[in-house]
Amino acid sequence: MKAVSITDHGGPEVLEWTDVEDPTPAAGEVVIDVVASALNRADVMQRWGLYPLEPGWSPYPGLEVSGRISALGEGVNGWNVGDEVCALLTGGGYAQKVAVPAGQLLTVPKGIGLVEAAGLPEITATVWSNIVMTAGLKKGETLLVHGGVGGVGTMAIQVAKALGARVVTTVGGAEKVARALELGADVAVDYRTQDFTEHGPYDVILDVVGGSYLERNIASLAADGRLVVIGLQNGLEGRLNLAEIVFKRLSVHGTTLRTRSKEQKAAIVAEVQDKVWPMIENGTVQLVVDQTVPMAEAAEGHRLMEAGGHIGKILLVNDENA
């Protein structure tokens with residue numbers, strides 16, 4: 001089979017479509033013939049050498065795929081060869097085939113095409129595990145989402161609104177402000193000209209920015225507020241006012257999805273299938289796709305992501321499997 005290999009750490013040019021060995025399913029795994037994958041910020045970090053791989057992880061990027069099951073490992077029940085699925089991965093999605101634990105498989109939601117389904121597992125699992133399972137967002141509370149028109153942001157706005165929350169988001173530029181409002185955000189703040197602290201206080205903040213926002217995030221949380229940091233796009237360090245944390249009874253969570261155990265991921269995937277898939281199937285929540293790029297041209301997809309002009313997901317498609 002072919003996969004996208006990272007030949008060195010650096011820019012998109014280090015991604016190369018190469019011949020590699022086919023995967024075989026271990027016990028409890030299936031092999032998927034990949035129809036499509038999707039870009040995530042972690043893929044870019046991995047390419048730059050800023051996301052070290054743990055033992056046993058695939059060296060190929062790609063945290064989610066859609067496709068058809070082509071082989072079953074020992075002990076897999078409830079799935080059959082030929083089933084159309086999408087899946088949450090630890091890596092290896094930029095390829096023609098990938099092995100994945102059966103607990104990380106999802107059905108393709110009704111009304112969603114097989115290619116588009118590749119853009120769902122990572123963002124739905126990220127959003128649900130963080131704003132609901134970790135932060136406990138409730139109806140009537142206010143959520144602040146940083147980066148509201150990226151893959152995670154577009155999903156977080158819609159899921160939070162479906163749960164009955166008020167949603168504020170930060171974006172860059174008038175076009176993205178308009179798009180965030182179309183997705184259901186109550187307030188869209190252009191971070192280039194406005195300060196998000198003016199629209200708080202917030203019960204929950206979902207932050208992909210990191211260090212440079214830490215002090216303002218803490219200052220704008222309501223009493224008993226919860227900050228969940230899932231990205232470090234703009235710094236690893238920031239000022240932390242412990243008095244505010246103590247006297248407002250704040251909680252600060254740092255989480256990643258990729259490093260969680262198979263069991264933890266399976267529990268998240270099960271909740272996503274049960275709670276989020278009905279929102280997608282009834283049209284309450286929609287996947288936002290910016291564009292598709294051939295898998296063999298993954299480098300172009302990375303250039304588009306790093307340019308920052310996209311809204312929603314960028315998908316990589318294996319034409320021969322589609």
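This structure holds 13 salt bridges. Keep in mind that we are looking at a predicted model. I will go through three of those bridges, then one strand, then one helix.

Take glutamate 84 and arginine 68. They form a salt bridge, and their closest N and O atoms are 3.4 Å apart. Glutamate 84 sits in strand β5 and arginine 68 in strand β4, which covers residues 64–72, so this pair ties together parts that are 16 residues apart in sequence. Are the two residues buried or exposed? Glutamate 84 has a relative accessible area of 43%, which makes it partly exposed. Arginine 68 is partly exposed as well, at 31%.

Next, arginine 226 and glutamate 141. Their side chains meet in a salt bridge, with 2.8 Å from N to O. Where do they lie in the chain? Arginine 226 is in strand β12, residues 221–229, while glutamate 141 is in the loop between α2 and β8, so the bridge ties together parts that are 85 residues apart in sequence. The cut-off for buried is under 20% relative accessible area. Arginine 226 has 11% relative accessibility, so it counts as buried. Glutamate 141, with 14%, counts as buried too.

The third bridge is within a helix. The side chains of glutamate 182 and arginine 179 meet at 3.1 Å, N to O. Both residues are in helix α4, residues 174–182, and because they are three residues apart, about one helical turn separates them. An α-helix has 3.6 residues a turn, so residues three or four places apart point the same way. Glutamate 182 counts as exposed, at 60% relative accessibility, and arginine 179 is partly exposed, at 25%.

Now the strand. Valine 98 is in strand β6, which runs over residues 97–101. Valine 100 is in β6 too. How accessible is each of them? Valine 98 has a relative accessible area of 4% and is buried. For valine 100 the value is 0%, so that residue is buried as well.

What surrounds valine 98? Leaving aside neighbours within four places in sequence, valine 98 is in contact with Pro23, Val30, Val31, Ile32, Val34, Val65, Leu89, Gly91 and Gly92. One of these partners, isoleucine 32, is 66 residues away along the chain, yet the two C-alpha atoms are separated by 5.4 Å.

For valine 100, not counting residues up to four places away in sequence, the contacts are Gly28, Glu29, Val30, Ile32, Ala87, Leu88, Leu89 and Leu105. Proline 25 is 75 residues from valine 100 along the chain, and their C-alpha atoms are separated by 7.6 Å.

Last, helix α7. It has 20 residues, 262–281, and at 1.5 Å a residue it should span 28 Å; the end C-alpha atoms are 26 Å apart, which agrees. The helix has a kink of about 35°, centred on glutamine 273.

Which residues of α7 are buried? They are Lys265, Ile268, Val269, Val272, Val276, Trp277, Met279 and Ile280. What do these buried residues pack against? Their partners are two strands, β5 (84–88) and β7 (105–107), and two helices, α2 (121–134) and α3 (151–162). Strand β5 came up earlier as the place of glutamate 84.

Just after α7 comes glycine 283, which takes a positive phi of about 85°. That is where I stop.

Terms used: Residues numbered from 1 in each chain as written. Predicted model: local features only at pLDDT ≥ 70, side-chain atom pairs only at ≥ 80, totals over all residues. Heavy atoms only, no water. Helix = DSSP H or I, 4+ residues; strand = E, 2+ residues; numbered from the N terminus. Expected span 1.5 Å × (residues − 1). Bend = angle between axes of the 7 residues up to and from the residue. Buried < 20%, exposed > 50% of the residue type's maximum accessible area, 1.4 Å probe, protein only. Contact = heavy atoms within 4.5 Å. Salt bridge = Lys/Arg side-chain N within 4 Å of Asp/Glu carboxyl O.
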